[in-house]
Amino acid sequence: MSGHDGVVAVLWDLDGTLLDTESVYTRVAEEMVKPFGATFTWELKQQVMGKSPAEACRIVVNALNLPISPDEYFASRSKKQNEMWPLCSALPGAQRLVEYFHTLGIPQAVATGSSAEEYRLKTLNHSWFQFMNAVVTSDNPNVKRTKPHPDIFLHAASQLGVTSNFHKVLVFEDAPLGMQAALAAGMKVVVVPDERNRSRVNDATFVLDSLLHFDPTSFGLPALSH
């Protein structure tokens with residue numbers, strides 16, 4: 001365990017926090033529903049952010065009354081997305097922060113609504129994910145409930161050896177559901193929201209415009225070198 005008493009572990013959301021994948025989700029969903037005369041709205045997107053792939057597909061199909069089954073939607077969506085995942089880029093400041101925490105010896109884990117296969121494809125061209133000490137995906141059998149429930153963060157923390165003092169765990173998120181999950185776990189949470197969600201993340205420990213603006217000294221950690 002790290003010698004930095006204020007932060008004993010760091011947990012990362014993946015989509016929209018470390019990697020720019022949300023635009024892919026939106027584009028594919030819009031392409032999927034358009035032939036049925038439906039529209040993938042921002043309101044609907046908010047409902048599925050942080051959900052498991054299967055759950056997200058079920059929500060979309062039911063909300064839009066699509067004439068296909070959630071399984072059919074899932075299969076078609078996965079094919080389109082899987083071709084695009086390896087092309088996704090890191091969000092500003094993400095790699096620098098992951099390397100910073102690694103240098104300090106603070107263990108890190110990814111806790112994501114992505115499946116294990118999606119995680120593999122998304123991180124394929126980002127070698128800095130090697131600094132993650134654990135990865136918990138939505139298809140992990142130990143994660144019974146998705147965000148906003150705290151299950152995935154609590155399990156990720158346990159994989160880093162943290163089973164108490166959760167207020168010393170720092171979570172990075174982009175979505176309101178993820179923020180709620182982190183707070184439900186008793187953890188501190190830094191949120192870098194989509195501007196349209198800013199009013200919904202006021203309960204976060206800190207709200208930032210970018211990971212580039214994260215100040216570790218706020219948590220008793222050494223300053224970032226520039």
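## Fold and charge pairs in a predicted model

The protein chain has eight helices and six strands. This is a predicted model. Read from the N terminus, the elements follow the order β-α-α-α-α-α-β-α-β-α-β-α-β-β.

### Overall build

Start with the size of the chain. It has 226 residues, and a compact globule of that length would have a radius of gyration near 17 Å. The chain has 17 Å, so the value agrees with a compact globule. Along the principal axes, the C-alpha atoms fill a box of roughly 55 × 35 × 30 Å.

Next, look at how the chain packs. Of the 226 residues, 54% count as buried. Consider the contacts with a separation of 6 or more: 66% of them join residues 24 or more positions apart. The accessible surface comes to about 10200 Å². Carbon and sulfur atoms account for 51% of that surface.

### Charges and salt bridges

The chain carries 19 positive and 24 negative charges. Their mean positions are 2 Å apart. Side chains of opposite charge can pair when their charged atoms come close. In the whole structure, a search finds 14 salt bridges. The table shows three of them, each with the distance between nitrogen and oxygen.

| Salt bridge | N to O distance | Relative accessibility |
|---|---|---|
| Aspartate 15 and lysine 122 | 2.8 Å | aspartate 15: 8%; lysine 122: 0% |
| Glutamate 55 and lysine 51 | 3.8 Å | glutamate 55: 21%; lysine 51: 16% |
| Arginine 120 and glutamate 117 | 2.8 Å | arginine 120: 41%; glutamate 117: 39% |

Take the pair of aspartate 15 and lysine 122, which meet in a salt bridge. Which parts of the chain does this pair tie together? Aspartate 15 lies in the loop between β1 (9-12) and α1 (22-33), while lysine 122 lies in helix α6 (residues 116-122). The pair therefore ties together parts that are 107 residues apart in sequence. Aspartate 15 counts as buried because its relative accessibility is 8%, under the 20% cut-off. Lysine 122 is buried too, with a relative accessible area of 0%.

Helix α6 also holds arginine 120 and glutamate 117. These two residues are three apart, about one turn of the helix. Their side chains form a salt bridge. Arginine 120 counts as partly exposed, and so does glutamate 117.

Now compare the two partners in the remaining pair. Is each of them buried or partly exposed? Glutamate 55 is partly exposed at 21%, whereas lysine 51 is buried at 16%. The cut-off for buried is under 20%, so the two residues fall on opposite sides of that value.

Salt bridges can also form a network. One such network links Asp13, Lys147 and Glu173.

### A buried aspartate with no salt bridge

Aspartate 174 lies in the loop between β4 (169-173) and α8 (176-184). How far away is the nearest side chain of opposite charge? That side chain is lysine 147, and the distance is 6.7 Å. A salt bridge needs a nitrogen within 4 Å of a carboxyl oxygen, so aspartate 174 has none. Yet aspartate 174 is buried.

What does aspartate 174 touch, leaving aside its neighbours within four places in sequence? Its contacts include Asp13, Asp15 and Glu22. Gly16, Thr17 and Met49 are also among them. Further along the chain, aspartate 174 is in contact with Val191, Val192, Pro193 and Asp194. Two of the residues named here have appeared above: Asp15 pairs with lysine 122, and Asp13 belongs to the network with Lys147 and Glu173.

Conventions:
Residues numbered from 1 in each chain as written. Predicted model: local features only at pLDDT ≥ 70, side-chain atom pairs only at ≥ 80, totals over all residues. Heavy atoms only, no water. Helix = DSSP H or I, 4+ residues; strand = E, 2+ residues; numbered from the N terminus. Rg over C-alpha atoms; globule rule 2.2 N^0.38 Å. Buried < 20%, exposed > 50% of the residue type's maximum accessible area, 1.4 Å probe, protein only. Contact = heavy atoms within 4.5 Å. Areas by Shrake-Rupley, 256 points an atom, 1.4 Å probe, with all protein chains shown as cover. Lys, Arg positive; Asp, Glu negative; His and termini not counted. Charge placed at Lys NZ, Arg CZ, Asp CG, Glu CD.
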